[in-house]
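Hi everyone, thanks for coming. Today I'd like to walk you through one protein model, step by step. Have a look at it first, and then we'll start with a small puzzle.

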Amino acid sequence: MTAQLIDGVALSKQVRTEVAQRAAALTAKGVKPGLAVVLVGDNQASQVYVRNKVKACEDAGLHSVLEKYEATMSEADLLARVEALNNDPAIHGILVQLPLPKHIDDHKVIEAISPEKDVDGFHVASAGALMVGEKGFKACTPYGCMKMLESIGMKDLKGKHAVVIGRSNIVGKPMAMMLLQANATVTVCHSGTADLGAMTRQADVVVAAVGKRNVLTADMVKPGAVVIDVGMNRNDEGKLCGDVDFDGVKEVAGWITPVPGGVGPMTITMLLVNTLESAERAAS
Ligand SMILES: Nc1nc(=O)c2c([nH]1)NC[C@@H]1CN(c3ccc(C(=O)N[C@@H](CCC(=O)O)C(=O)O)cc3)C=[N+]21
């Protein structure tokens, strides 16, 4: 193995300690940061993620509320709950867990969240703010990836070429914008890209965010490159794995993030950071 590991658990611990200190200071001033997590339906994976988020809040001294609803909940009822949370002064962040049941329009629900409480960074106003370099909540997963780069001395990416694989609204697109903001030269690849390997072999930083195993293999990586794996898949044995062929790529890359223990924990960490900052803004 030539690559060094970027440990998302260790980095999370560091950042969450800071969050806990700032949350305690704010609480002492009478404002306890609060996150509301809304879960509709009984998606197994969602139950686990949501529990992890609530536990992370508790550990950092944030107030959290978990609202669970039946899969049959109407869209109108969900929109009414979001509106109530928008108006609840004890709540500084609102997260509506995706995916939502099919009869509910997720776009409509996300747009109903007040941008001041959109700690997921999914609202059009948050995406727009990122696009034009204004203040707004950054989507937690790409934000966590940027923190990981910062942790290895790559806060400024001037002169570096970053290749993002994937163009989703929640990871690929905001990731590209954040890398651009950090002065990288950015290429976004996707299912319509003719020769993915030709692109990734030029990259100093590769971010894989497709949701498919082995999208990035050793032959596609420039020696010494930084490889960030956003994927969350199951292999044939049912084990959690990313989009990157970790065993192959770790022999070529300079740095690599593991799955599990990489981007996932950082996503939750940045959710705490956003919630804390929302509360700090509300208190000032
Ligand atoms: N409104 C909304 N916001 C989200 O941020 C959101 C969402 N909906 N829907 C689902 C996805 C998924 N997601 C994860 C976050 C952390 C881990 C995580 O911590 N994973 C651990 C392992 C967990 C395990 O063992 O299963 C790791 O990678 O080490 C996973 C998945 C947030 N999501």
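In which loop is Asn183 found? Look between helix 7 (172–181) and strand 6 (185–189): Asn183 is in the loop there. Please keep in mind that this is a predicted model. I picked Asn183 since its phi is positive, about 75°, although Asn183 is not a glycine. Most residues other than glycine have a negative phi, and most peptide bonds are trans.

That brings me to the peptide bonds. Leu98 and Pro99 are joined by a cis peptide bond, with omega about 0°. You can find Pro99 in the loop between strand 4 and helix 4 (106–112). Val259 and Pro260 are also linked by a cis peptide bond, again with omega about 0°. Pro260 belongs to the loop between strand 11 (255–256) and helix 10.

Now let's zoom out for a moment. The domain assignment of the protein chain gives domain 1, residues 28–119, and domain 2, residues 140–264. Their C-alpha centres lie 28 Å apart.

Next, the ligand. Which pocket does the ligand take up? The ligand occupies the space of the largest pocket. Helix 2 (44–59), strand 4 (93–96) and helix 10 (263–283) are the elements that give two or more residues to the shell around the ligand. Helix 10 supplies the largest share of that shell, 3 residues. Both domains take part: domain 1 and domain 2 each give at least three residues to the shell.

What kinds of residues make up this shell? There are 10 nonpolar, 3 polar and 2 charged ones. Of the 15 residues around the ligand, those that come nearest are Val96, Gln97, Leu98, Asp120 and Gly261. You have met Leu98 already, as the partner of Pro99 in a cis peptide bond.

Let's finish with some distances. A backbone N or O atom of Val96 is 2.8 Å from a nitrogen atom of the ligand. For Leu98, a backbone N or O atom likewise lies 2.8 Å from a ligand nitrogen atom. With Asp120, the side chain is involved: one of its N or O atoms is 2.6 Å from a nitrogen atom of the ligand. And how much of the ligand's accessible area does the protein cover? On its own, the ligand has 670 Å² of accessible area, and the protein covers 77% of that.

Thanks for listening, and do ask me anything!

Methods: Residues are numbered from 1 along each chain as its sequence is written. This is a predicted model: local features need pLDDT of at least 70, side-chain atom pairs count only at pLDDT 80 or more; totals for chains, interfaces and linings use all residues. Side-chain values use heavy atoms; hydrogens and water are left out. A residue is near a molecule or strand if one of its heavy atoms lies within 4 Å of it. A polar contact is a pair of N or O atoms within 3.5 Å; within protein, one must be able to donate a hydrogen and the other to accept it, and residues adjacent in sequence count only if both atoms are side-chain atoms. Accessible areas come from the Shrake-Rupley method with a 1.4 Å probe; for residues, only the protein chains shown count as cover. On a 1 Å grid over the protein atoms alone, a cavity is a set of points where a 1.4 Å probe fits but cannot get out, and a pocket is an open set with protein on both sides within 12 Å along at least five of seven lines; lining residues have an atom within 4 Å of a point. A molecule sits in a cavity or pocket if more than half of its atoms lie within 2 Å of its grid points. Helices (H or I, at least four residues) and strands (E, at least two) are DSSP runs, numbered from the N terminus. Ala, Val, Leu, Ile, Met, Phe, Trp, Tyr, Cys and Pro count as nonpolar, Asp, Glu, Lys and Arg as charged, and the others, Gly among them, as polar. Domain bounds come from an automatic or database domain assignment.
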